[in-house]
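Me: Could you walk me through the charged pairs in this model? I'd like to hear the reasoning behind each label.

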2 protein chains.
Amino acid sequence: MTVRESWFPSHVKDMSQKECQSLLEGGHVGRIAFVDPDGPVVLPVNYVMVGGCVVLATAPYSSLARHAASAAVSFEIDEIDEFTESGWSVLVRGRTSIVERHELSGVDLPQPWAEGIRTLVRKISPADISGRRLIPT
Amino acid sequence: MTVRESWFPSHVKDMSQKECQSLLEGGHVGRIAFVDPDGPVVLPVNYVMVGGCVVLATAPYSSLARHAASAAVSFEIDEIDEFTESGWSVLVRGRTSIVERHELSGVDLPQPWAEGIRTLVRKISPADISGRRLIPT
């Protein structure tokens with residue numbers, strides 16, 4: 001085993017709720033983790049924040065729709081700089097529920113980039129939000 | 001609800017195993033999803049590929065170490081271009097196991113960027129690898 005001489009330890013800093021919220025509001029793409037019969041799965045999704053909830057659109061017959069209905073899920077966003085070995089991540093934990101279209105009046109819904117009809121809109125109501133920032137020393 | 005006029009549907013293409021492997025070999029940072037008593041969690045980690053397995057280093061007393069020991073996990077890498085609304089993601093599903101240091105002789109282990117002692121090395125032995133690419137139309 002060799003040691004990477006270029007490695008500089010970074011400081012880990014817990015982010016405030018305000019900072020986490022601000023990063024969530026500013027993002028467009030995150031990753032949802034849910035559990036199917038074979039264990040946890042993590043997939044990229046695009047999203048919008050509506051009233052403090054993470055809102056995403058999915059296909060009614062997708063794996064996400066089948067296994068993340070009213071289930072405990074995680075939602076993660078991050079930004080990593082490999083050069084400075086720094087970055088941040090925000091983790092939202094909560095349960096999913098179906099959103100009725102009328103609840104989203106005036107909201108610019110996340111448009112999945114892939115072709116296909118994705119009409120099922122879900123929201124993740126956060127039970128816990130946490131974030132960490134790695135600051136180069 | 002308004003419609004984003006700028007949205008262009010992309011084509012989804014399943015990637016070959018070779019393409020997935022190549023992207024995994026070329027990466028340094030991914031996200032591991034595991035399940036703790038409150039549900040799935042997803043966290044960024046850095047990694048190296050060793051003999052077809054995803055190898056990562058963690059702290060012996062971390063949440064990851066406690067809840068992802070010999071458990072079903074997912075590991076995900078992706079690259080997203082928000083401007084062209086395209087990108088790719090690779091998902092590895094498998095079980096974790098502890099790696100003895102001698103198994104990694106000559107391997108440049110992933111160095112966690114955060115300060116702290118991370119001596120527990122784990123590998124994810126892939127049971128399934130899949131990847132999708134979103135190509136702008």
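Here is a short exchange on salt bridges and burial in this predicted model.

Me: What makes Glu19(A) and Lys13(A) a salt bridge?

Reply: Their closest N and O atoms are 3.4 Å apart. The cut-off is within 4 Å, so the pair qualifies.

Me: And why is Glu19(A) called partly exposed?

Reply: The relative accessible area of Glu19(A) is 21%. Buried would need a value under 20% and exposed one over 50%, so the label in between applies. Lys13(A), at 36%, counts as partly exposed too.

Me: How do you know that Arg31(A) and Asp78(A) meet in a salt bridge?

Reply: The N to O distance is 3.7 Å, and the limit of 4 Å therefore covers this pair. The two residues come from distant parts of the chain, 47 residues apart: Arg31(A) sits in strand β2 and Asp78(A) in strand β6.

Me: Why is Arg31(A) described as buried?

Reply: Because its relative accessibility is 6%, and buried means under 20%. Asp78(A), with 13%, is buried as well. Both residues also belong to a network of salt bridges that includes Glu76(A) and Arg31(B).

Me: What makes the salt bridge of Arg93(B) and Asp36(A) a link between chains?

Reply: Arg93(B) lies in strand β7 of chain B and Asp36(A) in strand β2 of chain A, so the pair joins two chains. Their N to O distance is 2.7 Å, which again falls within 4 Å.

Me: How many salt bridges are there over all chains?

Reply: The count comes to 14.

Technical notes. Residues are numbered from 1 along each chain as its sequence is written. Chains are lettered from A and ligands numbered from 1 in the order in which they are written. This is a predicted model: local features need pLDDT of at least 70, side-chain atom pairs count only at pLDDT 80 or more; totals for chains, interfaces and linings use all residues. Side-chain values use heavy atoms; hydrogens and water are left out. A salt bridge is a side-chain nitrogen of Lys or Arg within 4 Å of a carboxyl oxygen of Asp or Glu. Buried means under 20% relative accessible area, exposed over 50%, partly exposed in between (1.4 Å probe, protein chains only). Helices (H or I, at least four residues) and strands (E, at least two) are DSSP runs, numbered from the N terminus.
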